[in-house]
Amino acid sequence: LALDGDLRSALAHGQFRLHYQPKVSLIDFALEGFEALLRWENPGQGMISPGEFIPVAEETGFIVPLGDWVLDEACRQQRAWLDQGLDPVPVAVNISPRHLRHRTAEDFRRIVDRHGLPPGLIELEITEGAVMQDLDHALAVLGALKAMGIRVAVDDFGTGHSSLSYLKRLPITTLKIDRSFINGVPLEREDAGIVTTIIAMADMLGLDVVAEGVEKTEQANFLRHHNCTLVQGWLTGRPVPADAALDLLAKRL
Ligand code: G
Ligand code: G
Ligand code: NA
Ligand code: MN
């Protein structure tokens, strides 16, 4: 188990990396975006999954500087790809509940501006839980981010407690359908119903919709048939290091 001091030392010693998982169109299998996923390359233990240390960082408050580092690193990488003449796609960064509570839209914008990035090339992924913990703050931050042109997605959609009346008021661009629902598609009737309902709701609200955790062709076929054409999952691409992500970007040119 990671301890707070280990995490602080890991950040100071440059042991964190971002991997990038493609978001892909089911129409033509074109690359449409990346989600940045944090990795800890521990010299003694090898690669440590964020599932093992994000909860500790959230508990201790270290998630605030760590989350700032993640956003800064994603922006730095996006800038480097732009400078290499690549045709960029938006890069999404996960913002944890405590990080969101402790930052303003200006704080996030300052990081994006530091790299001279067009704001539309960065997306923040926020869970329903993070929004509901401090709804007034979240509404203010998300509204200001949207006005700045920074994209905002609700992550793990369907697993939290946000009511539809809040969803209507949330200034967001995208819903990401949680992979627990995609898991049961197409065979489980309940999951299939939930997924088609979320797709219809996103359409009605004018939001983009991304299906997470797509592993099988039958899942992709179901989603395509129900007009969900953006997917992220092992079927269309695992998270890869920055150099492999660059190869995916270069293929688009
Ligand atoms: O990539 P992996 O499946 O190991 O991620 C496990 C969990 O860690 C997921 O819930 C994912 O959202 C979360 N996670 C990955 N990278 C980040 C990050 O940079 N910040 C935060 N807050 N969570 C992350
Ligand atoms: O909580 P969040 O949705 O950010 O979690 C993203 C995590 O889901 C990443 O850590 C990634 O490794 C994992 N993931 C991505 N695609 C798939 C998939 O197709 N199947 C499974 N089981 N996990 C996936
Ligand atoms: Na995410
Ligand atoms: Mn998710």
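User: Leaving aside its neighbours within four places in sequence, which residues is Phe34 in contact with?

Analyst: Two residues are in contact if their C-beta atoms, placed from the backbone, lie within 7 Å. For Phe34 that gives Tyr20, Gln21, Pro22, Lys23, Val89, Val91, Ala92 and Ala245, with neighbours up to four places away in sequence left out. Keep in mind that this is a predicted model, where local features need pLDDT of at least 70 and side-chain atom pairs count only at pLDDT 80 or more, while totals for chains, interfaces and linings use all residues. Residues are numbered from 1 along each chain as its sequence is written, and chains are lettered from A and ligands numbered from 1 in the order in which they are written.

User: Where is Phe34 found, and does it count as buried or exposed?

Analyst: Helices (H or I, at least four residues) and strands (E, at least two) are DSSP runs, numbered from the N terminus. Phe34 sits in strand β2. For burial, count the other C-beta atoms, placed from the backbone, within 10 Å of the residue's own: 20 or more is buried, 12 or fewer is exposed, and in between is partly exposed. Phe34 is buried because it has 31 C-beta neighbours inside 10 Å. As a yardstick, its C-alpha atom is 22 Å from that of Ile198, and the two are 164 residues apart along the chain.

User: What about the whole chain: how many residues does it have, and what is its radius of gyration?

Analyst: The radius of gyration is taken over C-alpha atoms, and the globule rule is 2.2 Å times the number of residues to the power 0.38. The protein chain has 253 residues, so a compact globule would come out near 18 Å; the chain has 18 Å, which agrees. Its C-alpha trace spans about 50 × 40 × 35 Å along the principal axes. In secondary structure you'll find 12 helices and 9 strands. Some 36% of the 253 residues count as buried. Among contacts with a separation of 6 or more, 67% join residues 24 or more positions apart.

User: Which residues touch the most other members of the largest nonpolar core?

Analyst: A nonpolar core is a set of buried Ala, Val, Leu, Ile, Met, Phe, Trp, Tyr and Cys residues joined through C-beta atoms within 7 Å. The largest one here has 64 residues, and Ala36, Ala74, Val93, Ile122 and Ile177 touch the most other members. Helix α3 gives the largest share of this core, 6 residues. Take Ala74: setting aside residues up to four places away in sequence, it touches Leu18, Ala36, Val91, Val93 and Ile122.

User: How do I read a helix pair, and at roughly what angle do α5 and α7 cross?

Analyst: Two packed helices are described by the angle between their axes and the distance between the axes. The axes are lines fitted to C-alpha atoms, for helices over the stretch in contact, and angles run from 0 to 180 degrees between N-to-C directions. Here α5 (residues 105-114) and α7 (residues 135-148) have axes that come within 9 Å and cross at roughly 35 degrees. From α5, Ala105, Phe108 and Arg109 meet Val141, Ala144, Leu145 and Met148 of α7. By class, that contact has 6 nonpolar, no polar and 1 charged residue; Ala, Val, Leu, Ile, Met, Phe, Trp, Tyr, Cys and Pro count as nonpolar, Asp, Glu, Lys and Arg as charged, and the others, Gly among them, as polar. As for burial, Arg109 is partly exposed because 17 other C-beta atoms lie within 10 Å.

User: Which residues surround ligand 1?

Analyst: A residue is near a molecule if its C-beta atom, placed from the backbone, lies within 6 Å of it. Around ligand 1 you get Leu37, Leu38, Ser49, Pro50, Gly51, Ile54, Gly67, Val70, Asn94, Ser96 and Pro239. Elements giving two or more residues to this shell are β2 (31-42), α2 (50-60) and α3 (63-83), and α2 has the largest share, 3 residues. The split is 6 nonpolar, 5 polar and no charged residues.

User: How many residues of each class does the shell around ligand 2 have?

Analyst: The shell around ligand 2 has 4 nonpolar, 4 polar and 5 charged residues. Of its 13 residues, Leu37, Gly213, Glu215, Gly233 and Trp234 come nearest.

User: Any backbone oddities to look up?

Analyst: Try the bond from Val185 to Pro186, which is cis, with omega near 0 degrees; Pro186 lies in the loop between α9 (179-183) and α10 (189-205). Then there's Phe29, not a glycine, yet with a positive phi of about 60 degrees, in the loop between β1 (16-25) and β2.
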